[in-house]
Amino acid sequence: MGIGIDDTFVMLAAWRRTSVKLSVPERMGHMMSEAAVSITITSLTDMISFWIGILSPFPSVQIFCAYSGFAVCFTYLWHITFFAGCMAVSGHCEFKNLHAIFGYKVLPESVAIKGKYKT
């Protein structure tokens with residue numbers, strides 16, 4: 001769990017660095033071009049490290065390393081496919097000012113913070 005969660009933080013940080021005025025496909029392109037390099041490098045080094053551990057003479061270490069190597073591989077593929085897709089859907093909601101969970105229209109943050117809307 002701890003190995004893959006850093007990929008999530010890298011992708012979210014890259015998303016937050018993009019301009020909110022760009023379209024969602026442009027933001028996704030900037031986010032993936034920035035985050036994909038670091039995610040790929042860290043995932044590859046983790047996978048290689050665990051798969052080298054399979055050469056250990058201890059069966060328990062071999063099993064752990066095989067499982068962990070494939071788990072890192074799965075986590076990498078999950079981040080660049082499913083999680084990126086979820087971020088695109090969330091980006092469309094953000095672009096259209098929709099509530100993240102329920103999907104109804106909400107006020108833009110700039111309007112809500114200034115207190116122009118009275119409840």
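This section describes the nonpolar core, a nonpolar surface patch and the surroundings of one histidine in a predicted model.

The largest nonpolar core comprises 13 residues. Those touching the most other members are Met 11, Trp 15, Met 28, Met 31, Ala 35, Ile 39 and Met 87. Three helices, α1 (2-16), α2 (24-53) and α3 (59-95), each supply at least two residues of this core. The contacts of Met 31 were examined with residues up to four places away in sequence not counted. On this basis, Met 31 touches Met 11, Trp 15 and Met 87, together with Ala 14, Thr 18 and Ala 36.

Helix α3 also contains His 79. This residue counts as buried because its relative accessibility is 2%, below the 20% cut-off. The side chain of His 79 is joined to that of Thr 8 by a polar contact of 2.6 Å. When residues up to four places away in sequence are not counted, His 79 touches Gly 4, Asp 7, Thr 8, Met 11 and Ala 84. Met 11 is thus listed among the contacts of His 79 and among those of Met 31.

At the surface, Leu 44, Ile 48, Ile 52 and Leu 55 make a nonpolar patch of about 440 Å². Of these residues, Leu 55 lies in the loop between α2 and α3. Leu 55 counts as exposed because its relative accessibility is 74%, over the 50% cut-off. Leu 55, a member of the surface patch, is therefore classed as exposed, whereas His 79 in helix α3 is classed as buried.

Methods: Residues are numbered from 1 along each chain as its sequence is written. This is a predicted model: local features need pLDDT of at least 70, side-chain atom pairs count only at pLDDT 80 or more; totals for chains, interfaces and linings use all residues. Side-chain values use heavy atoms; hydrogens and water are left out. A nonpolar core is a set of buried Ala, Val, Leu, Ile, Met, Phe, Trp, Tyr and Cys residues joined through side-chain atoms within 4.5 Å. Buried means under 20% relative accessible area, exposed over 50%, partly exposed in between (1.4 Å probe, protein chains only). Helices (H or I, at least four residues) and strands (E, at least two) are DSSP runs, numbered from the N terminus. Contact means heavy atoms within 4.5 Å. Patches are made of residues with over 30% relative accessible area and no salt bridge: like charges are joined within 9 Å, nonpolar side chains (Val, Leu, Ile, Met, Phe, Trp, Tyr) within 5 Å. Accessible areas come from the Shrake-Rupley method with a 1.4 Å probe; for residues, only the protein chains shown count as cover. A salt bridge is a side-chain nitrogen of Lys or Arg within 4 Å of a carboxyl oxygen of Asp or Glu. A polar contact is a pair of N or O atoms within 3.5 Å; within protein, one must be able to donate a hydrogen and the other to accept it, and residues adjacent in sequence count only if both atoms are side-chain atoms.
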